[in-house]
Amino acid sequence: MTRRRALAVAVALAAAAPALSETMPEAVQYEKGAVAASLTGTPGNPEAGVKVMTTNALGNCVACHLVSALPDVPFPGDIGPALDGAASRYSEAQLRGIIANSKHTFEGSFMPAFYKTEGYIRPGDAYSGKAATEPLPPILTAAQIEDVLAFVLTLKD
Amino acid sequence: FALALPLHATPVDDQLVIEGENGPVEIVTEAPAPVHLKGVLETIYSGWRFRNAETRALERDDFDNPGMVFVDRGRDKWNAAIGAKGESCASCHGGPESLKGLRAVTPRVDEKTGALMTLENYIDTCLTQRMGLESWNWTSTDMSDMLALISMQSRGMAVNVAIDGPAAPYWEQGKEIYYTRYGQLEMACANCHEQYFGHMIRADHLSQGQTNGFPVYRLKDAGLLSAQKRFVGCVRDTRAETFKPNSPEFKALELYVASRGNGLSVEGVSVRH
Ligand code: HEC
Ligand code: HEC
Ligand code: HEC
């Protein structure tokens, strides 16, 4: 292994390892669907949140939701309600809960649980179609959930 | 607050008459839902009704339908002396029109053997037990060419698969799979194709996921797709471990999904994006 490659691996590992103050998916406390405590202890970055929301392999929120504040996103879906004004309808804690695992708020929701690692039927290794063993990495990291939340909190009426 | 009405909540209003070699064939793309879907769906629609105008146009005339090439190739294969003793499909069956109607009633439980048979299973039985050949790969071009040729013989006929009697246990199994939320995205066929058909999932206009159009010429792949190959793609998209083509699970699912389209026309070879 070249030195540069070793370094890249070390950086990747550091990125994958949860920060000390991070709440693991199984430890998240939902109260009527809401999650009061930050998953990272640090405020999220709304710009990074937009990236997560518009990237297919990450949150891909725009597959199902229109966000008028993001007019450059081509072909937003219309499966869920538009997220315009979401922060006027829900508290920060409620939104954190919806983004982490909406099924605690909307029973049986079609919206995927982004911060969950097990309890799946025939879980696959991402989009390969091949089997994966639980626990899986959550679809989004704690930091990515907080980043998305930071952006959604800007969506006020 | 009121939700804005989705832009494409309904299938487009359009009619399909295909200009073919032997004159126009009317295709039923909208029909009352079969009785077993009572309380679930009122009307069933072909996937053709959810595609854009350009894609729909390609299916109106066989001259424009890129899938017809595969039908011609299937005909060549049908007549070719490929068997261990020089037999062709034609030497036992005569013309492919002898299989008229079969596509509309498969998958079905074979009366003689009691096995659940897809069209592929029938083709495979003749290859391996009657012609002394190896199986064709389920997703090979040989197989999809032959599917295209046989399916064309039933163009315009109503899908009418049996769900009772010996088919019942397979149908129940398929139904269970249809409503199971697979994979890390926890999505069932029913979520996309029953609950949210007519909506946009990103750039895709969700249809009811009917199989009456199969095999499908898919513009994205520039190739023919069998129903079970489509199922593989849909399950993979839920971040799930897929089932394999010709697995008992996908055979049962193909029967169940076909039964949701009882009343729609077999399209022969359809065109989707
Ligand atoms: C596959 C579809 C899908 C995806 C992807 C999706 N959602 Fe949702 N979302 C829904 C649906 C459907 C609802 C409505 C709740 C229900 O009926 O289940 C919803 C509801 C919501 C709500 C509540 C909106 C309101 O006004 O009531 C918020 C906020 C939300 N989603 C945010 C997100 C974010 C952020 C992402 C990405 C990280 C995301 N969603 C990804 C389908 C989706
Ligand atoms: C040696 C004779 C023979 C050859 C060669 C042959 N078949 Fe058959 N095929 C049969 C017989 C016999 C049956 C069973 C008919 C029945 O059960 O009523 C059958 C049944 C079928 C069926 C099911 C028909 C139905 O209505 O149930 C299909 C489809 C089929 N063959 C396709 C093919 C294809 C495609 C080929 C060439 C690749 C082929 N066959 C070659 C003899 C043959
Ligand atoms: C995440 C959403 C999603 C899920 C879950 C899903 N599909 Fe699909 N399916 C699609 C999309 C998108 C298409 C392409 C557009 C269309 O025809 O709906 C499609 C197309 C199809 C088609 C082709 C229809 C045609 O006329 O060309 C069939 C058949 C189908 N799906 C069956 C299934 C079955 C069976 C399942 C469950 C095993 C399933 N789908 C699960 C999204 C989904």
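The second largest pocket in this predicted model comes out at about 650 Å³ in volume. Its lining takes in 25 residues, and those nearest the pocket centre are B:His93, B:Tyr122, B:Thr125, B:Cys126 and B:Arg130. Three elements of chain B put two or more residues each into this lining: helix 3 (89–93), helix 5 (119–130) and helix 6 (141–152). Helix 5 of chain B is the top contributor, with six residues. As for chemistry, the lining of the second largest pocket splits into 15 nonpolar, four polar and six charged residues.

Turning to the metal site, the iron atom of ligand 3 picks up two protein donors, B:His193 through NE2 and B:Cys234 through SG, at 2.0 to 2.3 Å. These two residues bring together distant parts of the chain, sitting 41 residues apart. B:His193 belongs to helix 8 (residues 189–195) of chain B, while B:Cys234 belongs to helix 9 (residues 227–236) of chain B.

What is the arrangement of the six donor atoms around the iron atom of ligand 3? It is octahedral, because the angles subtended by the six donor atoms run from 88 to 178°. For six octahedral donors, the ideal angles at a metal are 90 or 180 degrees.

The two protein donors also part ways in exposure. B:His193 has a relative accessible area of 16%, so this residue counts as buried, the cut-off being under 20%. B:Cys234, with a relative accessible area of 30%, is partly exposed.

How values were computed. Residues are numbered from 1 along each chain as its sequence is written. Chains are lettered from A and ligands numbered from 1 in the order in which they are written. This is a predicted model: local features need pLDDT of at least 70, side-chain atom pairs count only at pLDDT 80 or more; totals for chains, interfaces and linings use all residues. Side-chain values use heavy atoms; hydrogens and water are left out. Donors are N, O and S atoms within 2.8 Å of the metal (3.2 Å for Na, K and Ca); water is not among the atoms, so sites may look incomplete. Four donors count as tetrahedral if all angles lie between 85 and 135 degrees; four count as square planar and six as octahedral if opposite donors are over 155 degrees apart and all others between 65 and 115; anything else is irregular. Helices (H or I, at least four residues) and strands (E, at least two) are DSSP runs, numbered from the N terminus. Buried means under 20% relative accessible area, exposed over 50%, partly exposed in between (1.4 Å probe, protein chains only). On a 1 Å grid over the protein atoms alone, a cavity is a set of points where a 1.4 Å probe fits but cannot get out, and a pocket is an open set with protein on both sides within 12 Å along at least five of seven lines; lining residues have an atom within 4 Å of a point. Grid points are joined across faces, edges and corners, and a volume is the space filled by probe spheres set on the points. Ala, Val, Leu, Ile, Met, Phe, Trp, Tyr, Cys and Pro count as nonpolar, Asp, Glu, Lys and Arg as charged, and the others, Gly among them, as polar.
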